[in-house]
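Student: Got a minute to walk through this fold with me? I'd like to start from one residue and work outwards.

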Amino acid sequence: MHAAQLGHIENVIGQILSFDRPADAVLSNYFHQNNKLGAQDRHLIAETAFACLRRLSQLRALIEPDRITARRLALATLARVRGLNLKEFGGCLKNSESEWLSTLKARTLPDDLAIQAELPQWVIDRLEDASPEAVMALGRAMMQSAPLDLRVNTLKMKRDEALCRLDEAGIKACATPYSPIGIRVEGKPALNRLELFKSGAIEVQDEGSQLLGLLVGARRGEMVADFCAGAGGKTLLLGAQMASTGRLYAFDISERRLANLKPRLARSGLSNVHPQLIANENDARIKRLAGKIDRVLVDAPCSGLGTLRRNPDLKFRQSPETVAALNQQQLSILQSASRLVRDGGRLVYATCSLLPQENQQIVDAFLSTHPEYRIVPVGTALEELKIPLAMGDALAINPARDNMDGFFAVILAKDGK
C-alpha cells in the first residue's frame, strides 16, 4: 500500500458518503479526473470503496461515533474487511493509527440484527420473511460481490459455442443454472476487448434479469413493448426472442439511457427495435398504440434493493419516503402500460426490489380495479420454458438462495371480450 493509493481511497469514500449520486457515478467521475491512475490502482480503489459500502454500518459501529472520518473508514475497510496487516500498509500509517488498527481488529460487533446483517431496520421491517435467520442469510449474501453473468445473443451464436470461444480466450466460464441463454464468468475479465463482445454475440446481463425477459415469451412477428427500457438489456433479449421480426418498442423517459442503447443495438444485429423517447407514462405515442400490443414488459422504477451486491449505496440512498413516492409511480406506470395490451395479450410487471410494497401490493392494487386481467402462475411458465426454478404465482428471487439479483415478476394475462 502506498500513501497515494490510500489518499485516493480516502477521497473516493469521502465523496461517496455524501450519497447525492450513485457510487459508480462517483467512481467514474473520479477516475476521469485522475486519468493517470493505472488499472491496478483503479481496481484497488473501487473494490475498497465498495467493500466499505457493503460493511458501512458495521464499520461505523466499530469506530467511535465522534471519530468517524473517511480516512478511518478507509483504514478500517482495508484492515478489517480486506484483511491487510499492519506491515502491508507500509509507511502510510501514523503511530496512533497503527495502535488504533491493532485494537480495531479485536473489537466485536454489537448484538444488533440491522448492523450484523448490514440492512437498514426499515428494510427489515418491510421484508415478508423477517425472521432473524432469513434476514442474516440475505444480509450475508448482499455483502458479497455479484457474479459476472452474460447473455448469449441467440441471433448470432449458441451458448455452447460462446463457452468454447471464452475458453479459447483463457476466460473461465460455465452455463448459468437457470437461464438457458446465460453464462457465468469467473473473475472480472476485460470483456469489451473480446471480439465475441464487440460482435454482439454476448452482453453483460444478470441471470435474474434474463429470466424476466424470458417470462415475457415474445414470439416472431408480434408487437411487443419494453415500457421502461433503460439501457436496453431486456429489450435486446426480447428482440432476439422475436428473431428480429415483428415490431419491438423500447420506451423510456431518459434520452441518455436510450442513447446508451444505441451502440448495444448496433452490435446486436437487431432490426426490429424502435426506441421511443416519451415525456411520461401517458405520452401520446403510447395512447396511439392502445389495445394493439401482444406483450408488454414493465420493469418498473424501484428502490433497487434487490441489487445491493452491485449497488450497496442504495440502502443508504433510499428511505421509506422514497419508496412511498415510487409506489405511486409504479401503479401509475402499470395502469398506463396495461392499456397497450390487446385482448388475449400478456403483461409482465417486474422490479429489482425485495419489498412487498413495490411488488405484490402494487399488483394487488392494480387487479382490484382491472378485472380483465388475471395472474398466470410464473411456476407454470418456468416449467414450459424448462427452467428448473421452483416458483408459485410470482417470481421472487432471493439472492441468498438463488445467487442472482433480487427480482420480482408477475405475469398478467388480459382476457378477451
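**Starting from one helix**

Tutor: Sure, and keep in mind that this is a predicted model. Let's start with Ala74, which sits in helix α5, residues 70–81.

Student: Is Ala74 buried or exposed?

Tutor: Ala74 is buried, because its relative accessible area is 0%.

Student: And which residues does Ala74 contact, leaving aside neighbours within four places in sequence?

Tutor: Ala74 is in contact with Leu6, Ile9, Glu10 and Ile13. As for distance in space, the C-alpha atoms of Ala74 and Arg165 are separated by 40 Å, with their positions 91 residues apart along the chain.

Student: Let's go to the start of the chain. Where does Met1 lie?

Tutor: Met1 is in the segment before α1, and that helix covers 3–16. Met1 counts as partly exposed because its relative accessibility is 21%.

Student: What does Met1 touch, not counting residues up to four places away in sequence?

Tutor: Met1 touches Leu6, Ile9, Leu44, Leu78, Leu84, Glu88, Phe89, Gly90 and Cys92. Leu6 and Ile9 are also among the contacts of Ala74. For Lys36, which is 35 residues from Met1 in sequence, the C-alpha to C-alpha distance is 18 Å.

Student: OK, zooming out. How many helices and strands does the protein chain have?

Tutor: The protein chain has 20 helices and 12 strands. Its C-alpha trace spans about 75 × 50 × 40 Å along the principal axes.

Student: What radius of gyration would a compact globule of 417 residues have, and what does the chain have?

Tutor: A compact globule with 417 residues would have a radius of gyration near 22 Å, and the protein chain has 23 Å, so the two agree.

Student: What share of the residues is buried?

Tutor: Buried residues make up 52% of the 417. The accessible surface comes to about 18,700 Å², and 48% of that belongs to carbon and sulfur atoms.

Student: And what about contacts between residues at least 24 apart?

Tutor: Among contacts between residues at least 6 apart in sequence, 71% join residues at least 24 apart.

Student: Charges next. How far apart are the mean positions of the positive and negative ones?

Tutor: They are 5 Å apart, taken over 53 positive and 47 negative charges.

Student: Now the inside. How many residues are in the largest nonpolar core?

Tutor: That core has 39 residues, and those with the most contacts inside it are Leu215, Leu382, Leu389 and Leu395. Elements that each supply at least two of its residues include α12 (207–216), α13 (233–241), β6 (247–252) and β9 (341–351). Helix α12 gives the most, with five residues.

Student: What does Leu215 contact, again without neighbours within four places in sequence?

Tutor: Leu215 is in contact with Arg346, Val348, Val378, Ala381, Leu382, Leu385, Leu395, Ala409 and Ile411. There is also a second, separate core of 36 residues, which includes Leu6, Ile45, Cys52 and Leu104.

Student: Leu6 again! And where is Arg219 found?

Tutor: Arg219 is in the loop between α12 and β5, the strand at 223–226. Arg219 counts as exposed because its relative accessibility is 52%. Leaving aside neighbours within four places in sequence, Arg219 is in contact with Gln241, Met242 and Arg295.

Student: Any backbone oddities? Which value does phi of Ala243 have?

Tutor: Phi of Ala243 is near 55 degrees, a positive value in a residue other than glycine. Ala243 is in the loop between α13 and β6. For Lys386, phi is near 60 degrees, again positive and not in a glycine. Lys386 is in the loop between α19 and β11, and Lys386 is exposed, with a relative accessible area of 74%.

Student: One more helix. Which residues of α9 are buried?

Tutor: In α9, residues 132–142, the buried ones are Val135, Met136, Leu138, Gly139, Ala141 and Met142. What covers them includes α3 (39–54), α7 (113–117), α8 (121–126) and α20 (399–402).

Student: Staying with α8, is Asp125 buried or exposed?

Tutor: Asp125, which is in α8, is exposed, with a relative accessible area of 53%. The C-alpha atoms of Asp125 and Ala173 are separated by 38 Å, and these residues are 48 apart along the chain.

Note on methods:
Residues numbered from 1 in each chain as written. Predicted model: local features only at pLDDT ≥ 70, side-chain atom pairs only at ≥ 80, totals over all residues. Heavy atoms only, no water. Helix = DSSP H or I, 4+ residues; strand = E, 2+ residues; numbered from the N terminus. Rg over C-alpha atoms; globule rule 2.2 N^0.38 Å. Buried < 20%, exposed > 50% of the residue type's maximum accessible area, 1.4 Å probe, protein only. Contact = heavy atoms within 4.5 Å. Areas by Shrake-Rupley, 256 points an atom, 1.4 Å probe, with all protein chains shown as cover. Lys, Arg positive; Asp, Glu negative; His and termini not counted. Charge placed at Lys NZ, Arg CZ, Asp CG, Glu CD. Core = buried A, V, L, I, M, F, W, Y, C linked by side-chain atoms within 4.5 Å.
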